[in-house]
Amino acid sequence: MEIKKLFNMIKKAKHLVVMTGAGVSTFSGIRDFRGKNGLYKDIDAEKVFSIDYFYEDPSFFYNWAKENIYDIDKKEASIVHNVLGELENRGYLKALITQNIDLLHQKGGSKNVIEIHGSPSTHYCLHCAGIRVSYDEVAAVVRKGEMPKCPNCERVIKPAITFFGESLPHEALRAAVTESQNADLMLILGTTLTVYPAASMPEHTLRTGGKIIIVNNMPTPLDSRAEICFNDLGEVFEGLNGLL
Ligand code: ZN
């Protein structure tokens with residue numbers, strides 16, 4: 001059957017790379033930005049993640065983020081995160097590229113995580129070079145309902161998440177392209193492949209002779225070029241979990 005075939009491909013791959021999108025976050029209860037229960041339905045994501053608005057009023061972001069980003073202790077990694085962590089642990093998975101900013105891959109045991117939309121794992125000052133403040137330090141402040149401040153200038157610091165109006169992190173992008181080119185197999189999970197640059201990663205893999213497998217609950221523009229397409233993340237990962 002198809003999941004067995006997938007598992008054999010994973011075991012045989014010399015350089016397996018996984019790319020994940022919002023569907024993988026949704027799976028553990030975090031709502032998809034664009035899906036039918038999308039965050040866009042009840043929050044103004046354009047405003048929450050607007051760099052211009054962050055300059056104007058950073059409390060708008062932090063008030064929302066308190067319950068949605070700085071609550072990792074309350075969130076559970078899903079079977080998808082855990083199986084991916086285990087695949088890396090066993091040496092099958094070489095790199096994981098993600099569009100997600102929820103730190104759940106790390107919670108699931110993944111080590112080589114390339115976060116192409118940035119990450120709340122670190123924070124920086126918009127005015128002072130070289131200032132870095134960790135997720136844990138900021139989370140402790142935000143949970144008290146306060147704004148995290150720069151230890152140097154006392155102004156509010158910003159997470160290293162890519163906001164609207166900012167450019168994507170160069171290092172992460174470069175690493176993602178290199179991994180995609182090196183991949184002889186790319187597993188694409190929970191992304192519709194419509195947003196660049198994520199959408200271009202499997203194209204790098206295909207161009208250098210690699211194969212792709214897609215697991216998504218909606219069609220993607222690359223379905224016709226995939227070795228196998230699945231639509232149910234839960235079914236695939238419960239299957240893989242059983243075979244591991
Ligand atoms: Zn500062």
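Which polar atom lies 3.2 Å from the backbone nitrogen of Leu193? The legend to View 1 gives the answer. The model shown is predicted: local features need pLDDT of at least 70, side-chain atom pairs count only at pLDDT 80 or more, and totals for chains, interfaces and linings use all residues. Residues are numbered from 1 along each chain as its sequence is written, and side-chain values use heavy atoms, with hydrogens and water left out.

**View 1. Thr191 and the loop between E7 and helix H10 (201–207).**
A polar atom of the side chain of Thr191 lies 3.2 Å from the backbone nitrogen of Leu193. Thr191 counts as buried because its relative accessibility is 8% (buried means under 20% relative accessible area, exposed over 50%, partly exposed in between, with a 1.4 Å probe and protein chains only). Apart from neighbours within four places in sequence, Thr191 is in contact with Met19, Gly21, Gln99, Asn216 and Thr220 (contact means heavy atoms within 4.5 Å). Pro197 is also placed in the loop between E7 and H10, and the peptide bond leading to Pro197 from Tyr196 is cis, with omega near 10°.

**View 2. The zinc ion and its cysteine donors.**
Cys125, Cys128, Cys150 and Cys153 coordinate the zinc ion through their SG atoms at 2.3 Å (donors are N, O and S atoms within 2.8 Å of the metal, or 3.2 Å for Na, K and Ca; water is not among the atoms, so sites may look incomplete). The spacing of the donor residues in sequence is C-x2-C-x21-C-x2-C. The arrangement is tetrahedral because the four donor atoms subtend angles of 106 to 116° around the zinc ion (four donors count as tetrahedral if all angles lie between 85 and 135 degrees). Cys150, at 0% relative accessibility, counts as buried, whereas Cys153, at 24%, counts as partly exposed.

**View 3. The open sheet of six strands.**
The strands follow the order E3-E2-E1-E7-E8-E9, with parallel pairing (strands are DSSP runs of E with at least two residues, helices runs of H or I with at least four, numbered from the N terminus; two strands pair if DSSP finds at least two bridges between them). Strand E3 (113–115) and strand E9 (228–230) stand at the edges with a single partner strand each, so one side of each has no neighbour in the sheet. From one strand to the next, the twist averages 20° (axes are lines fitted to C-alpha atoms, for helices over the stretch in contact, and angles run from 0 to 180 degrees between N-to-C directions). Strand E2 (residues 93–98) is joined to E3 by three bridges, and Thr98 stands opposite Glu115 in E3. Helix H1 (residues 2–12) packs on the sheet and touches strands E1 (16–20), E7 (185–189), E8 (211–215) and E9. The direction of H1 makes about 120° with that of E9.

**View 4. Helix H6 (residues 79–89) and its surroundings.**
Ser78 caps the N-terminal end of H6, with a side-chain oxygen 3.1 Å from the backbone nitrogen of Val80. Among the buried residues of H6 are Val80, His81, Val83 and Leu84. Just after H6, Gly91 takes a positive phi of about 90°. Ala77 lies in the loop between helix H5 (58–68) and H6 and, at 17% relative accessibility, counts as buried. Beyond neighbours within four places in sequence, the contacts of Ala77 are Asn82, Leu104, Lys107 and Gly108.

Technical notes. Four donors count as tetrahedral if all angles lie between 85 and 135 degrees; four count as square planar and six as octahedral if opposite donors are over 155 degrees apart and all others between 65 and 115; anything else is irregular. A polar contact is a pair of N or O atoms within 3.5 Å; within protein, one must be able to donate a hydrogen and the other to accept it, and residues adjacent in sequence count only if both atoms are side-chain atoms.
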